[in-house]
Amino acid sequence: MNAVFPGSFDPITSGHMDVLTRAARIFDHVTVTVMHNARKQGRHLFTLDERLEILREATAHFPNVSVDTFGGLLVDYMARQETGSVIVRGLRAVSDYEYELQIAHLNRQIGDAETVFIMAATRWSFVSSSMVREIASYGGNVSEMVPRASASALRRKHADVYEERETELQTQTAGS
């Protein structure tokens, strides 16, 4: 049985990687699919191509994981998959469950697509892509919250902020 793990992955986090690692053990093949929405264009930190590149690097060690992209309804993407493929969604908290349950019911109703939920490990329950983006925008260390590919991409994206912060820290250390 195959699975599709959809998301915006802006960027992929350690929580996403935890869910993906466990999904890759359960399913024969997992396709990580960057869903893109023309209405949300310009609201992402990373372009679609950058997100695909980060994902390919972060998932390269998985022999049964591939990366893809799709614009439109997830159920339309699922209709193109092997029969019996399921949607994998990660959950961090009850608030995620309530939202994801609605989406799962809609996907089942309009596209006959099944959803499997995998709880993210407790240590990642507080990590979200939006929080990681905010911390990185101030030059904060996010290396524990994201895979190496995401951390490197965030450092490149915010290179000026990281340089400024490192200079400030060096000045403070020298003045002590």
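1. A residue counts as buried when its relative accessible area is under 20%, as exposed when that area is over 50%, and as partly exposed in between. Phe70, at a relative accessible area of 12%, is therefore buried. The model under discussion is predicted, and this should be kept in mind for each point that follows.

2. The sheet. The structure contains an open sheet of 5 strands, arranged in the order 3-2-1-4-5 and paired in parallel fashion. Strand 3 and strand 5 form the edges, since each of them pairs on one side only. With direction ignored, neighbouring strands of this sheet are turned by 35 degrees against each other on average. Helix 2 lies across strand 2 and strand 3, and its direction makes an angle of about 165 degrees with strand 3.

3. Strands 4 and 5. Strand 4 (residues 86-91) and strand 5 (residues 115-119) run parallel and are joined by 5 bridges. The chain passes from strand 4 to strand 5 by way of helix 4 (residues 94-111), and this β-α-β crossover is right-handed. Two facing positions help to fix the register: Arg89 stands opposite Phe117 of strand 5, and Leu91 stands opposite Met119 of strand 5.

4. The largest nonpolar core. This core comprises 37 residues, and those with the most contacts inside it are Phe5, Leu20, Val30, Val88 and Val142. Two or more residues are given to it by each of strand 1 (2-7), helix 1 (14-26), strand 2 (29-36), helix 2 (48-59), strand 3 (65-71), strand 4, helix 5 (129-137) and helix 6 (148-157). Helix 1 supplies the largest share, with 5 residues.

5. Phe5 and the other core. When residues up to four places away in sequence are left out, Phe5 touches His16, Val19, Leu20, Val30, Thr31, Val32, Thr33, Val88 and Gly90. Apart from the largest core lies another core, of 9 residues, which includes Leu74, Tyr77, Met78 and Ile87.

6. Aromatic pairs. Searching the whole structure yields 3 aromatic pairs. In one of them, Phe70 and Tyr77 have ring centres 5.1 Å apart and planes at 55 degrees, so the pair is tilted. Phe70 has already been noted as buried, at 12%; Tyr77 also counts as buried, at 1% relative accessibility.

7. A pair between helix 4 and strand 5. Tyr97 and Phe117 form an edge-to-face pair, with 5.9 Å from centre to centre and 70 degrees between the planes. Tyr97 belongs to helix 4 and Phe117 to strand 5, 20 residues apart, and the pair thus links distant parts of the chain. Which accessibility class applies to Tyr97? At 37% relative accessibility, Tyr97 counts as partly exposed. Phe117 is likewise partly exposed, with a relative accessible area of 27%.

8. Helix 6. Which residues of helix 6 are buried? They are Ala149, Ser150, Ala151, Ala153 and Leu154. The cover over the buried residues of this helix includes helix 2, helix 5 and helix 7 (159-175). Helix 6 is also among the elements that give two or more residues to the largest nonpolar core.

Key. Residues numbered from 1 in each chain as written. Predicted model: local features only at pLDDT ≥ 70, side-chain atom pairs only at ≥ 80, totals over all residues. Heavy atoms only, no water. Pairing = 2+ DSSP bridges. Helix = DSSP H or I, 4+ residues; strand = E, 2+ residues; numbered from the N terminus. Right-handed = clockwise from strand over helix to strand, strands pointing away. Core = buried A, V, L, I, M, F, W, Y, C linked by side-chain atoms within 4.5 Å. Buried < 20%, exposed > 50% of the residue type's maximum accessible area, 1.4 Å probe, protein only. Contact = heavy atoms within 4.5 Å. Phe/Tyr/Trp six-rings, centres within 6.5 Å; stacked < 30°, edge-to-face > 60°. Axes fitted to C-alpha atoms, helices over the stretch in contact; angles between N-to-C directions.
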